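Welcome! Please take a moment to look over the sequence and the 3D view below, and then we can walk through some of the charged contacts together.

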Amino acid sequence: MSSDNAARRSSSTTDLLFALLDRERADYRVIDHPAEGHTDLASRLRGHPLAQAAKCLVIRIRMTKKQSRYVLAVVPGHRRVDFARIKALTGARDAMCADRPTAERLSAAVSGAIVPFAFNPALELFADPELCDHAELFFNAATLERSIALRTEDYIRLARPTFYRIAQADS
């Protein structure tokens, strides 16, 4: 995917996201910042604890040698996705990060700016319940230089994720 196509897709995803938030009267605010796709660095720029970031990864779930499906996994920013747990939950043979072109195509966002909403029906949305520990979540708005702070209850109401413990526990 060319960078022009990625930017165009991200722009439409950003528009789709803001249209949803406005239509449903979500309580959110926009934070503009220098371009950043790493959760820890973006959290510093936005000025919030890393635990309040919604880190989003597209996961390839291999059911058989020839059949795969995809999950958008959302975990707190200070955690890693527990691939073994996702594999067990889905009965898959394997679970791994989707390759970058696939993740960007399915999420319609550039890597590092994937939103915690599954706008594509080919993505199942799994979220870790630890995200609910905070009244507000932060995430990039399908672009590396703009983020959203969204009330967690609005995120749950609008995204309707399936909650599973998919974040690795502290070591």
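What follows is a short tour of salt bridges in this structure.

Keep in mind as you read that this is a predicted model. A search of the whole structure finds 11 salt bridges, including the three in this table.

| Pair | Closest N to O |
|---|---|
| E24 and R23 | 3.5 Å |
| R157 and E24 | 3.8 Å |
| E124 and R69 | 2.5 Å |

A good place to start is E24, whose side chain meets that of R23 in a salt bridge and that of R157 in another. The pair of R157 and E24 joins distant parts of the chain, 133 residues apart. R157 belongs to helix α5 (residues 152-159), while E24 sits in the loop between α1 (3-23) and β1 (28-32).

These residues also belong to a wider group: R23, E24, D154 and R157 are linked in a network of salt bridges.

How open to the surroundings are they? R23 has 54% relative accessibility, so R23 counts as exposed. E24 is partly exposed at 31% relative accessibility, and R157 is partly exposed too, with a relative accessible area of 38%.

Now turn to the strands. E124 and R69 form a salt bridge with their closest N and O atoms 2.5 Å apart. This pair also links distant parts of the chain, with E124 in strand β5 (residues 123-127) and R69 in strand β3 (residues 68-76), 55 residues apart. E124 is partly exposed, with a relative accessible area of 29%, and R69 is partly exposed at 27%.

Key: Residues numbered from 1 in each chain as written. Predicted model: local features only at pLDDT ≥ 70, side-chain atom pairs only at ≥ 80, totals over all residues. Heavy atoms only, no water. Salt bridge = Lys/Arg side-chain N within 4 Å of Asp/Glu carboxyl O. Buried < 20%, exposed > 50% of the residue type's maximum accessible area, 1.4 Å probe, protein only. Helix = DSSP H or I, 4+ residues; strand = E, 2+ residues; numbered from the N terminus.
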